[in-house]
Every structure is written in structure tokens, then in C-alpha cells.
Amino acid sequence: MDNTAKNIFFLGKGGVGKSTSSALTALHLADTGKTVLLVSLDPAHNQGDIFMRKFAEKAVKIDDKLTVKEVDIDYWVKKYLSDIQFQIKRNYSYLTAFNLENYLDIIKYSPGIEEYAMLMAYKNIRRKANGVDYIIFDMPPTALTLKFLTLPNLSLLWLDNLLDLRNKIIEKKEIITKVKVGKREFETDKIRNKLHEQIEDYKKVKAVFENPEKTCLNLVMNTDKLSFSESELIVDNLSKFNISIKNVFLNKYLDGFDSKIIEEKYKHCAVQIFPASEKPLLGASVLKHYLQSLPSFIRL
Ligand SMILES: Nc1ncnc2c1ncn2[C@@H]1O[C@H](COP(=O)(O)OP(=O)(O)OP(=O)(O)O)[C@@H](O)[C@H]1O
Ligand SMILES: [Mg+2]
């Protein structure tokens, strides 16, 4: 059973204010009485600097309502690799003759490991977030975030094809052994069962990402052209995967900018404005003070 916590993701171009917006939103929700877990999924963590505290993989309690953690991606990459090693050893025991350790060393440098490790960390966080109302994810810049969010979808495409291939391999046994392949051969095939298990697992993650009751995607942008165009790229890429942006956070807003352009472009999104602060937004008390100066905060 999935728990009832709602995922709140903050994404956008580098430097637009994803981490600051995540921290402000976490403090705002905690102030309204919600239990909040703020998680940095960016390997280059910023929350420690913003709160002027030391955070790590182990969550740190800020107060009764707010807890913060910075995911140790290296730890999850290692865990991901050791899980693969375990599975290969279990399912392909006849391969031990080929020095598996060397083979797995190469996997370490293959593209895509980081987002798989991030997804593993995400699943672990969600599984353990009992009693949490909101899990706020401060995300890395665009490229890695898009890979992470579309990973369940892409993995399912791969797994469907691999399952097809595995079924064909089992059928081929019939030709080699001249013994009729029955239902049992399919049901007891370890590789096929593992593929099914992974398919079910990714389907669950995908369902949570696509459910607006369980996941809310916030696009952070500034008022400059570069952040506009990267935002469009994010929206276009995600829409191909059935994932849509719920809110736009217009950060570092300066008086005089006409936010109607944004409101028209992102018609289906609520727009939260965060004015540019003259004072650096560092430390919980400065952030809280800034929140008090805002005329409103959108519903998440
Ligand atoms: N509303 C604001 N007013 C003034 N300064 C801001 C505001 N929001 C963010 N900043 C500043 O802009 C810089 C970048 O902000 P932040 O680290 O939150 O962005 P980011 O999108 O998380 O960056 P990265 O892509 O590097 O993770 C920081 O120095 C931060 O203090
Ligand atoms: Mg950041």
C-alpha cells in the first residue's frame, strides 16, 4: 500500500531558485500545521546553506513539523550496484566463472546509474514517510530531473520488450530440447519473474507520478528569456510522458514585470510570485520573515 504523503517537486533551470522555493514552501506548509519532510535530491545540495545547518542522509528535525534530509547519491549508487551484483549472482550463477566483479566495475561507469539510484532513494523515502503530509523534493537542474521523472515510463517500455524476448527464449527451449514448453516453464522462470516484479514496481511509481492527488510538480522560473525557454522545454518533454506541471513559481520577481505573460502561457497552472529579496534568503528566521511579507500563497 502506498502511503498518503503528497509529493511536491520543485524543478527548473539552474539557479532560478528551486532550493529557496522548496525551503520557503516547506516552512509555509509546516506553519499551517502540516507535517513536512524536505528532501534535497540534488547531488549538489543547497539546503544546508539555506538553513545554515548541517544536513545529511539521516533526516534532521528542525521542529515538530519540519524535517530535512539531503540524499547521499553516492550511497544509493553503491546500493544500486550491489543489488544488481546480488541479482546477477543469483540468477546467472553459471556466470561466476567469468569474473563478475570486473563486469560490475564497468556498470559503474554506464550512463543512467545516477537516476536509477535517485529513484531507489525516492522509493525508500516514500515507503518510510508514514504520518508525513508533504514530501518536498528539491530537484537537480533540468537534464537529470527529466531523466528521473521519465525513468518509470522508459523502464516500462524496455521491460515490456525484455519480457517479450524472454518469452521467446523460453519457447525456443522447445526446439532445442524437443520437449513441449508448458505453462510451468513460464511460471517458474526466474528471469521472467524478476521482469514481472520490476514491471509491477515501476507501474506503482508511475501511477503516483501521474496522480495529481499524490504528486504536484512546480516549475520555478525567473523573468528572463533563458529561464522561459528552458521551462517550455521541461513542459514539452514531460507532457510526452503524461506528466504535467501544476504550478509556476515566478521567483526573483521585480516590480514592473507583467506576470500576465506567464499566466496566459501557463493557463492551467496557478502562479506563485516570490519577489526578489534585497536581503539574502538564508536562515530559517529570514525565510519566515520573507514568507510573512507575501500577500498570498497558492494551495498545494
Ligand atoms: N526570491 C529571491 N530573492 C533573492 N535572491 C534569491 C531569491 N531566490 C533565490 N535567490 C538566490 O539565488 C541563488 C540561487 O537560488 P537557489 O540556490 O535557490 O537556486 P536553485 O535553482 O536551487 O539553484 P541550483 O540549480 O544551483 O540548485 C541563491 O543565491 C539564492 O539565495
Ligand atoms: Mg538548488
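## A tour from strand β6 outward

Begin with two strands: β6 and β7 (residues 247-253) run parallel, paired over four bridges. The model on screen is predicted. To fix the register, select asparagine 218 in β6 and look across to β7: its bridge partner there is asparagine 247.

**Stop 1: β6 and its surroundings.** Select residues 215-221, the extent of β6. How many of the seven residues are buried? Five are, so the strand is largely enclosed by the rest of the structure. Now add residues 6-11, which form strand β1. β1 also pairs with β6 in the parallel sense, over five bridges. Highlight phenylalanine 9 and leucine 217: the two stand opposite each other, with leucine 217 in β6.

**Stop 2: the crossover.** Select residues 225-239, helix α9. Together, β6, α9 and β7 make a right-handed β-α-β unit. Trace the path from β6 through α9 to β7 to follow this unit.

**Stop 3: the two sides of α9.** Stay on the helix. α9 has 15 residues. From its first C-alpha to its last, α9 reaches 21 Å, close to the 21 Å expected at 1.5 Å a residue. Show the side chains of Ser227, Ser231, Ile234 and Leu238, the buried residues of α9. Why do they lie on the same side of α9? They cover an arc of only 60° around the axis, which puts them there together. The background is simple: an α-helix has 3.6 residues a turn, so residues three or four places apart point the same way. Next, turn the helix over. The face turned away from the buried side carries exposed residues: Lys225, Leu226, Ser229, Asp236 and Ser239.

**Stop 4: ligand 1.** Select ligand 1 and its shell of 17 residues. Which residues are closest? They are Gly14, Gly17, Lys18, Ser19 and Thr20. Two elements give two or more residues to this shell: α1 (18-31) and β7. α1 gives the most, with three residues. β7 is thus a link back to the opening view, as the strand that pairs with β6. Color the shell by residue class: six residues are nonpolar, eight polar and three charged.

**Stop 5: the whole chain.** Zoom out and show everything as a cartoon. The chain holds eleven helices and eight strands. Its C-alpha atoms fill a box of roughly 80 × 40 × 35 Å along the principal axes. Color by burial to finish: of the 300 residues, 31% count as buried.

Terms used:
Residues are numbered from 1 along each chain as its sequence is written. Chains are lettered from A and ligands numbered from 1 in the order in which they are written. This is a predicted model: local features need pLDDT of at least 70, side-chain atom pairs count only at pLDDT 80 or more; totals for chains, interfaces and linings use all residues. A residue is buried if 20 or more other C-beta atoms lie within 10 Å of its own, exposed if 12 or fewer, and partly exposed in between; C-beta atoms are placed from the backbone. Two strands pair if DSSP finds at least two bridges between them. A crossover is right-handed if, with the strands pointing away from the viewer, the path from the first strand over the helix to the second runs clockwise. A residue is near a molecule or strand if its C-beta atom, placed from the backbone, lies within 6 Å of it. Ala, Val, Leu, Ile, Met, Phe, Trp, Tyr, Cys and Pro count as nonpolar, Asp, Glu, Lys and Arg as charged, and the others, Gly among them, as polar. The expected span of a helix is 1.5 Å times one less than its number of residues. The arc is that of the directions from the helix axis to the C-beta atoms.
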